[in-house]
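Please open the model in your viewer and keep the sequence panel visible. The tour below proceeds by selection, each stop followed by what is found there.

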Amino acid sequence: MAAAAGLTGPTEGNDECSAWADYNNDGFLDVYIANDTWVGPLAGPHKLYLNSGNSNHWLKITLTGTTSNRLGIGAKIRVTTGGLTQFREMG
């Protein structure tokens, strides 16, 4: 699976955890993998794999709530273009 996802490379230690986020703000999720090759709270080496994506376009929406819900949790976003509709809910 790692090779199919393009996540192959030099490996050392045990991959303890990973996190997916849009690190470079290009609309595509990147993955960060933390290793524990040596002892210590910041053991490594750690790896950041940037997703080069494709030619699709993307839309970034920043939600701002009111006094009791500053992050807009529960907000429902529906975007329609070209006869297609996409829906997301902030969780």
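Leaving aside its neighbours within four places in sequence, with which residues is Cys 17 in contact? Select Cys 17 and display its surroundings: the residues are Tyr 32, Ile 33 and Ala 34, where contact means heavy atoms within 4.5 Å.

Before continuing, note that this is a predicted model, in which local features need pLDDT of at least 70 and side-chain atom pairs count only at pLDDT 80 or more, whereas totals for chains, interfaces and linings use all residues. Residues are numbered from 1 along each chain as its sequence is written, and side-chain values use heavy atoms, with hydrogens and water left out.

**The whole chain**

Colour the model by secondary structure. The protein has 0 helices and 5 strands, and from the N terminus on the order of elements is β-β-β-β-β. Helices (H or I, at least four residues) and strands (E, at least two) are DSSP runs, numbered from the N terminus.

Next, show the surface. The protein exposes about 7400 Å², of which carbon and sulfur atoms supply 56%; accessible areas come from the Shrake-Rupley method with a 1.4 Å probe, and for residues only the protein chains shown count as cover. Of the 91 residues in the protein, 13% are buried. Buried means under 20% relative accessible area, exposed over 50%, and partly exposed in between (1.4 Å probe, protein chains only).

**Strand S1 and the loop after it**

Return to Cys 17, which is found in strand S1 (residues 15–21). Cys 17 is partly exposed, with a relative accessible area of 47%. Draw a distance from its C-alpha to that of Ala 34: the two are 5.4 Å apart in space and 17 residues apart in sequence.

Then select Asn 25, in the loop between S1 and S2. The phi of Asn 25 is near 55 degrees, a positive value in a residue other than glycine. Asn 25 is partly exposed, with a relative accessible area of 41%.

**Strands S2 and S3**

Select residues 30–35, which form strand S2. Because 5 of its 6 residues are buried, S2 is largely enclosed by the rest of the structure. S2 and S3 run antiparallel and are joined by 3 bridges; two strands pair if DSSP finds at least two bridges between them. To find one of these bridges, select Tyr 32, whose partner in S3 is Leu 48.

**The loop between S3 and S4**

Move to Leu 63, located in the loop between strand S3 (47–49) and S4. Is Leu 63 buried, partly exposed or exposed? Leu 63 is partly exposed, with a relative accessible area of 26%. Not counting residues up to four places away in sequence, Leu 63 touches Arg 70, Leu 71, Gly 72, Ala 75, Ile 77 and Met 90. The C-alpha atoms of Leu 63 and Ala 75 are separated by 8.1 Å, with their positions 12 residues apart along the chain.

**The hairpin of S4 and S5**

Select residues 76–81, strand S4. Of its 6 residues, the number buried is 0, so S4 lies largely in the open. Add strand S5 (residues 84–89), which runs antiparallel to S4 and is joined to it by 6 bridges. S5 is hardly covered either, as the count of buried residues among its 6 residues is 0.

Two pairs are useful to label here. Arg 78 stands opposite Phe 87 in S5, and Thr 81 has Leu 84 in S5 as its bridge partner. The hairpin has 2 residues between the strands, and Gly 82 takes a positive phi near 55 degrees.

**The largest pocket**

For the last stop, select Trp 58, Leu 59, Lys 60, Gln 86 and Arg 88, which lie nearest the centre of the largest pocket among its 14 lining residues. S4 and S5 are the elements that give two or more residues to this lining, and S5 gives the most, with 4 residues. The volume of the pocket is about 560 Å³.On a 1 Å grid over the protein atoms alone, a pocket is an open set of points where a 1.4 Å probe fits, with protein on both sides within 12 Å along at least five of seven lines, and lining residues have an atom within 4 Å of a point. Grid points are joined across faces, edges and corners, and a volume is the space filled by probe spheres set on the points.
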